[in-house]
Amino acid sequence: MSQVGAHPYAKGANFERHVSAYLTENGWWAHRVAGSHGYADVIAVRDGITLAIQCKSRTGSVQKDSWNGLYLHSVENRWLPLIARPGPPGEPPTFWLIPRLIGPRRKRPACSKYFASETQQ
C-alpha cells in the first residue's frame with residue numbers, strides 16, 4: 001500500500017479500504033462509509049458485535065468533536081467505538097477502543113488495544 005506523495009484524502013481513503021479488507025479477511029462483514037462525513041469511516045459486524053471505526057492514516061490525534069461524537073453514537077447504538085491506525089510496515093492495522101468522552105479540561109484517556117480477531121471462534 002504505497003502512499004508516497006498521495007493526496008491526504010486519497011491516503012485516508014486507501015487506509016479505510018485497507019482496514020475494511022483486513023476485517024473482511026478476518027471474518028467480519030465490513031463496509032467503508034465513504035463520503036458520509038459521519039463519525040465512523042468503517043462499520044464492521046460479526047457475531048452480534050458491531051464496530052464503529054474512525055480511521056487515522058496519519059499521526060496526530062482525533063479531534064474532540066469526532067472522538068465524542070463517535071463515542072456517543074456508538075454507545076447509543078450499542079456498538080464498540082474504535083480508532084484504527086496503520087500498524088508497523090507489513091503488519092495489520094492497530095485498533096484502539098475509545099473508553100469514554102473527553103471534556104474541555106479532561107485529557108484524552110488511554111485507549112486499550114483491541115484486536116478485531118479476538119472474537120473469532
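Start by selecting Phe95: this residue is buried, with a relative accessible area of 2%. Keep in mind as you go that you're looking at a predicted model.

Now add Tyr22 to the selection. Tyr22 also counts as buried, at 17% relative accessibility, because the cut-off is under 20%. How many aromatic pairs does the model have? The count comes to one. Zoom in on the two rings: the centres of Tyr22 and Phe95 sit 6.1 Å apart and the planes meet at 25°, so this pair is stacked. The angle is what settles that label, since planes under 30 degrees apart count as stacked. Zoom back out and colour by element, and you'll see that the pair ties together distant parts of the chain. Tyr22 belongs to helix α1 (residues 8-25) and Phe95 to strand β5 (residues 94-97), with their positions 73 residues apart in sequence.

Stay with Phe95 and bring up the nonpolar residues around it. Which members of the largest nonpolar core touch the most other members? They are Val19, Leu23, Leu51, Ile53 and Phe95, out of 15 residues. Two or more residues each come from α1, β2 (42-46), β3 (49-55) and β4 (80-85), and α1 gives the largest share, with four.

Next, click on Val19. Leaving aside residues up to four places away in sequence, Val19 touches Val42, Ile53, Cys55, Ala84, Pro93 and Phe95. If you want a side trip, look for the second, separate core: it has 10 residues, among them Val62, Trp67, Ile83 and Ile102.

Back to helix α1, where you can pick out Ser20. Is Ser20 buried or exposed? Buried, at 10% relative accessibility. Show its contacts and, again skipping residues up to four places away in sequence, you get Ala30, His31, Arg32 and Val42.

Val42 takes you to strand β2, so select the whole strand. β2 is mostly covered, with four of its five residues buried. On one side, look for strand β1 (residues 29-32), which runs antiparallel to β2 and is joined to it by four bridges. Find Arg32 here; it stands opposite Val42.

Then turn to β3. Five bridges join β2 to β3, and these strands run antiparallel too. For a landmark, select Ile43 and Ala52, which stand opposite each other.

Last stop: the turn. β2 and β3 form a hairpin with two residues between them. Select Asp47 in that turn and check its backbone: phi is positive, at about 50°.

Notes. Residues are numbered from 1 along each chain as its sequence is written. This is a predicted model: local features need pLDDT of at least 70, side-chain atom pairs count only at pLDDT 80 or more; totals for chains, interfaces and linings use all residues. Side-chain values use heavy atoms; hydrogens and water are left out. Rings of Phe, Tyr and Trp (its six-membered ring) pair if their centres lie within 6.5 Å; planes under 30 degrees apart count as stacked, over 60 as edge-to-face and the rest as tilted. Buried means under 20% relative accessible area, exposed over 50%, partly exposed in between (1.4 Å probe, protein chains only). A nonpolar core is a set of buried Ala, Val, Leu, Ile, Met, Phe, Trp, Tyr and Cys residues joined through side-chain atoms within 4.5 Å. Contact means heavy atoms within 4.5 Å. Two strands pair if DSSP finds at least two bridges between them.
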